[in-house]
Amino acid sequence: QLALSKHIDRSAGSYSGGNKRKLSVAMAMMGDPKIIFLDEPSTGMDPVARRFMWDVISGIVDRKECSIILTSHSMEETEALCHRIGIMVGGRLRCLGSAQHLRSRFGQGFQIECGFSVPSEEELDEQILILSSMLGTIRRSKESLFLKKSHVKRIFRSMGKSDWIREIREGGSAIEVQQALASTGKVHIHELTAWVMLQERYEQLVDFLDQYFEGYTIRERQHTKIRIEVPRVNLEDNSPRRLSDMFSILEEFKESLFIEEYSISQTSLEQIFNFFASQQEEEKGHIAGMHANE
């Protein structure tokens, strides 16, 4: 059942890590036990072997009418195998229920991921002419297409976006511009223009979110990608947000916002697990219940 027959003539000690785990599961099945305890049964396996192991474990429950208690740090594994999931922190069981129950009860809301479309060469060329005209005394020759930081600041001031200069730093959204300035003292206007256009699209999206998704939080931003967390309820009337409404709003405005692709999902089990794990306090003192006599 676990596809170990082809290894029957080999010493178990010479098995690969994945086959050793298969053998351990097979040994646990011997004697038709009513309860089987498994500790991270698919850890270290490649994706194909891991899926095979999950199918076998699911089949054990169905055929042998036994219960399996599984411990794992992989939320993907628990969601694939477990009817009920519990998360323990500091020696205490903090939650117990189905995957959907945990998402509904402990999820922070909805996750919206958007990907902007990259400006076309025609759009970039048009914008480069506009930015070049803001430089005044610099000639529009090939040499003038490389800009110093002072030129970048002048462009931002002309656009009324002086605060953008703060993004040209380590960890800022204009990291490529920052790296070019740091290494050579200048940046090609094509590179600066590409960032400017994406920044404009980003700020346009922020204005849209302020209007339609009050209470949102920007969790991650990477080049053309952005991940947003939206509360489960509307802050104005405390009514629950509906997926259909959010999809309808994004679908209506995605073209004008230059959104190439987007997705909406509930908080993942991984994020819920990390939320509970962040409350771990073993290193700070005694775990509650472990030193009751003191």
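A polar contact is a pair of N or O atoms within 3.5 Å; within protein, one must be able to donate a hydrogen and the other to accept it. The model on screen is predicted.

**Stop 1: Arg201.** Select helix α8, residues 189–212, and pick out Arg201 within this helix. Is Arg201 buried or exposed? Its relative accessible area is 4%, under the 20% cut-off, so Arg201 counts as buried.

Show the side chain of Arg201 together with Ser117. The Arg201 side chain reaches the backbone oxygen of Ser117 at 2.7 Å. Next, display the surroundings, skipping neighbours within four places in sequence: Arg201 is in contact with Phe116, Ser117, Val118, Pro119, Glu123 and Phe258.

**Stop 2: the sheet.** Select strand β5, residues 110–116, and strand β9, residues 225–230. These two strands run antiparallel and are joined by 6 bridges. To see a bridge pair, pick Ile112 and its partner in β9, Ile228.

Now add β8 and β10. The result is an open sheet of 4 strands, paired antiparallel in the order β8-β9-β5-β10. Which strands stand at the edges? They are β8 (217–222) and β10 (259–266); each has a single partner strand, so one side of each is left without a neighbour in the sheet. Looking across the sheet, the twist from one strand to the next averages 15 degrees.

**Stop 3: helix α9.** Finally, select residues 243–253, which form helix α9. This helix packs on the sheet, where β5 and β10 are the strands touched. Compare the directions of α9 and β10: the angle between them is about 170 degrees.

Methods: Residues numbered from 1 in each chain as written. Predicted model: local features only at pLDDT ≥ 70, side-chain atom pairs only at ≥ 80, totals over all residues. Heavy atoms only, no water. Buried < 20%, exposed > 50% of the residue type's maximum accessible area, 1.4 Å probe, protein only. Contact = heavy atoms within 4.5 Å. Pairing = 2+ DSSP bridges. Axes fitted to C-alpha atoms, helices over the stretch in contact; angles between N-to-C directions.
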